[in-house]
Amino acid sequence: MIKFDFNKISKILAVVAVIFLIFGGYLISKQKTRTLEVKKLPFYNIKLEDVEDGVYHNKTETSFMIVELEVVVENHQFKDIKILESEGVDCESAKPIVQEMIKQNKVVVPAIKGAEIGSLVYISCVDGALNNAE
């Protein structure tokens, strides 16, 4: 017959619970830091009808993500948005926002679910490229 030492088991469970709480707190802290950093990114609210034909570049760097884009505008519409560099958290999962911007012909489109912060970095990068055109 197997004998259980419930005192030992409860101590082990308590240590595991503390480890999970610390790790959860760390993840929440990282997410808050990223959110605060994204809030500081420039957003110019550029309208495509105000942008001349051309090729525009911008690079947006945060502590968690780097995005460099080439934005092509023809007849006040996105012709293409090329991703030249994309690394970090949410880069891959937020990439579809580029196609959504082209499809809707807008800089500001709804963020990709699950990659909201990364989506905002892409939006800021496109917006900054077009702002540099003025």
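1. Salt bridges. In this predicted model, the structure holds four salt bridges. As background, side chains of opposite charge can pair when their charged atoms come close. Three of these pairs, together with a network that grows from one of them, are taken up in the points that follow.

2. The pair K59 and E85. The side chains of K59 and E85 meet in a salt bridge, with a distance of 3.1 Å from N to O. K59 lies in strand β1 and E85 in strand β3, so this contact ties together parts of the chain that are 26 residues apart in sequence. The lysine of the pair, K59, is partly exposed, because its relative accessibility is 39%.

3. The pair K82 and E70. A salt bridge also forms between the side chains of K82 and E70, at 3.5 Å from N to O. Here too distant parts of the chain are linked, since K82 belongs to strand β3 and E70 to strand β2, with their positions 12 residues apart in sequence. The two partners can be told apart by their surroundings: K82 counts as partly exposed at 40% relative accessibility, whereas E70 counts as buried at 16%. A reader checking the assignment of E70 should recall that buried means under 20% relative accessible area, so the value of 16% places E70 within that class.

4. The pair K95 and E92, and the network. The side chains of K95 and E92 meet at 3.0 Å from N to O in a further salt bridge. K95 is partly exposed, with 27% relative accessibility, and E92 is exposed, with 55%. Salt bridges that share partners also join K59, E61 and E85 into one network, so the contact of K59 with E85, which ties strand β1 to strand β3, belongs to a wider arrangement of charged side chains.

5. The sheet. Which order do the three strands of the open sheet take? The order is β1-β2-β3, and the pairing is antiparallel. The edge strands are β1, covering residues 54-61, and β3, covering residues 77-88, and each of them pairs on one side only. Direction ignored, neighbouring strands of this sheet are turned by 15 degrees against each other on average.

6. Pairing within the sheet. Strands β1 and β2 pair in the antiparallel sense over eight bridges, and they form a hairpin with three residues between them. Within this pairing, N58 has L69 in β2 as its bridge partner. On the other side, 10 bridges join β2, residues 65-74, to β3, and these two strands also run antiparallel. One of the bridge partners here is E85 in β3, which is matched with E68; E85 is also the residue whose side chain meets that of K59 in a salt bridge.

7. The nonpolar core. In soluble globular proteins, nonpolar side chains tend to be buried together. The largest nonpolar core of this model has 30 residues, and those with the most contacts inside it are F78, M101, Y122, V126 and L130. Strands β2 and β3 and the helices α2 (91-94), α3 (96-104) and α4 (116-133) each supply at least two residues of this core. Which element supplies the largest share? That element is α4, from which eight residues come.

8. A nonpolar patch on the surface. Outside the core, F6, I9 and L13 form a nonpolar patch on the surface, with about 330 Å² of accessible area together. F6 has its place in helix α1, which spans residues 6-39. Is F6 buried or exposed? F6 is exposed, because its relative accessible area is 61% and the exposed class begins over 50%.

9. Two asparagines with positive phi. Most residues other than glycine have a negative phi. N45 has a positive phi of about 60 degrees although it is not a glycine, and its place is in the loop between α1 and β1. N105, likewise not a glycine, has a positive phi of about 55 degrees and lies in the loop between α3 and α4. Their accessibility is given separately: N45 is exposed, with a relative accessible area of 51%, while N105 counts as partly exposed at 23%.

Note on methods:
Residues are numbered from 1 along each chain as its sequence is written. This is a predicted model: local features need pLDDT of at least 70, side-chain atom pairs count only at pLDDT 80 or more; totals for chains, interfaces and linings use all residues. Side-chain values use heavy atoms; hydrogens and water are left out. Two strands pair if DSSP finds at least two bridges between them. Helices (H or I, at least four residues) and strands (E, at least two) are DSSP runs, numbered from the N terminus. Axes are lines fitted to C-alpha atoms, for helices over the stretch in contact, and angles run from 0 to 180 degrees between N-to-C directions. Patches are made of residues with over 30% relative accessible area and no salt bridge: like charges are joined within 9 Å, nonpolar side chains (Val, Leu, Ile, Met, Phe, Trp, Tyr) within 5 Å. Accessible areas come from the Shrake-Rupley method with a 1.4 Å probe; for residues, only the protein chains shown count as cover. Buried means under 20% relative accessible area, exposed over 50%, partly exposed in between (1.4 Å probe, protein chains only). A nonpolar core is a set of buried Ala, Val, Leu, Ile, Met, Phe, Trp, Tyr and Cys residues joined through side-chain atoms within 4.5 Å.
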